[in-house]
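The report below describes how a ligand sits in its protein surroundings, and then turns to aromatic contacts and one helix.

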Amino acid sequence: MELQPAETPPLADNVDQASPAEVAELLRFAPGDDFSAIDTAATPGFSGEKQDGRAAQQVDTELLSDLQERLYANANVGGLRKSVLLVLQGRDTAGKGGVVKHVVGALSPHGVQVSAFGVPNAEEASRPFLWRINRALPRWGNIGVFDRSHYEDILAVRMHELEPPSVWLDRYEDINSFEDTQVDSGIHIVKCMLTVSPEEQAKRLENRLRRVDKHWKFNPTDIDDRARWADYTQAYQDVLDRTSTDLVPWYVIPADRKWYSRWAIVRLLIHQLQQLNLDWPLGHFDPDAELKRLEETNRQFED
Ligand code: ADP
């Protein structure tokens, strides 16, 4: 049965949403595009407001759950060797954690592997930079999520001068060939760069500072990084220019409106999974014969 995004009854008549394939086209970053010119408050492919976006995302999440279950079932029973990897990057407060919580958190935990990449520990630091990434790749049938990723081995390393340019400059190519190899092996990679405006980031940082229940999310280095906004913009531009390939493009997600970025990422995941054309796997048994056997076991419970 071919699954398409269900209709969204709560959506107002005048709200339009682009199909998953159209969203992928709208958000795909082409090398040379100007990252700093992207409107972070825009909602490409969605004409409605917050409540419409949330309603639409809820409906889409059901479809995504169904697709995830098909992927899991086919890998576990049908021997399918495929998985999906969602890579999340973006400035502090761009909403990576919210995507993990609200998008990925709505899926069955059986089929999801979430990995957050912080400052490498002693062992990780003593290994080639892709060592810890390799260990976190999703098993067949799973959706893996990277909350930060191997791109920090360029971005953080460059911005904090942890290694000389001769080291991190080689990593663009290393990453491109690493990702090509993973795609060839069966991992569908969806790379999302969430982008917020400086004004929106200020609001979110202030909120983290004013609310005790948000203090755990705040790190004083976030302010240092914010002070170097333009340098970071250049670092992101270089990553996007050099690693948005035909096979594994970057999607730049306007993230001033959280509901939009979540809606868009759900659509991008649906787009990837729909391309797999997953039917339910056939069991290795005869259902009619098994039903008969089940019936026979029921006899013992009859009076
Ligand atoms: P987040 O900011 O994503 O909520 P943390 O507060 O734990 O999570 O911050 C993770 C930090 O680890 C970030 O500042 C990031 O730049 C840093 N980091 C991640 N990967 C690397 C790396 N490979 N090398 C150096 N720093 C890294």
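In this predicted model, the polar contacts of the ligand involve both backbone and side-chain atoms of the protein, as the table sets out with the computed distances.

| Ligand atom | Protein partner | Distance |
|---|---|---|
| nitrogen | polar backbone atom of Gly118 | 3.2 Å |
| oxygen | N or O atom in the side chain of Arg148 | 2.6 Å |
| oxygen | N or O atom in the side chain of Glu152 | 3.0 Å |

Taken alone, the ligand exposes 560 Å², and 70% of that area is buried by the protein. The residues around the ligand include Asp92, Phe117, Val119, Pro120 and Arg132, and by class the shell comprises five nonpolar, one polar and five charged residues. Helix H6, which spans residues 152–159, gives the most to this shell, with three residues.

Turning to aromatic contacts, the structure holds eight aromatic pairs. One of them joins Phe35 and Tyr236 in an edge-to-face arrangement, with 5.8 Å from centre to centre and 65 degrees between the planes. Because Phe35 lies in the loop between helix H1 (20–27) and helix H2 (50–76), whereas Tyr236 belongs to helix H11 (residues 229–243), the pair ties together parts that are 201 residues apart in sequence. Both Phe35 and Tyr236 are buried. Elsewhere, Phe46, Trp259, Tyr260 and Trp263 form one aromatic cluster.

Helix H12 covers residues 258–274, and its 17 residues reach 24 Å from the first C-alpha to the last, which is close to the 24 Å expected at 1.5 Å a residue. H12 is also mostly covered, with 16 of its 17 residues buried.

Notes:
Residues are numbered from 1 along each chain as its sequence is written. This is a predicted model: local features need pLDDT of at least 70, side-chain atom pairs count only at pLDDT 80 or more; totals for chains, interfaces and linings use all residues. Side-chain values use heavy atoms; hydrogens and water are left out. Helices (H or I, at least four residues) and strands (E, at least two) are DSSP runs, numbered from the N terminus. The expected span of a helix is 1.5 Å times one less than its number of residues. Buried means under 20% relative accessible area, exposed over 50%, partly exposed in between (1.4 Å probe, protein chains only). A residue is near a molecule or strand if one of its heavy atoms lies within 4 Å of it. A polar contact is a pair of N or O atoms within 3.5 Å; within protein, one must be able to donate a hydrogen and the other to accept it, and residues adjacent in sequence count only if both atoms are side-chain atoms. Accessible areas come from the Shrake-Rupley method with a 1.4 Å probe; for residues, only the protein chains shown count as cover. Ala, Val, Leu, Ile, Met, Phe, Trp, Tyr, Cys and Pro count as nonpolar, Asp, Glu, Lys and Arg as charged, and the others, Gly among them, as polar. Rings of Phe, Tyr and Trp (its six-membered ring) pair if their centres lie within 6.5 Å; planes under 30 degrees apart count as stacked, over 60 as edge-to-face and the rest as tilted.
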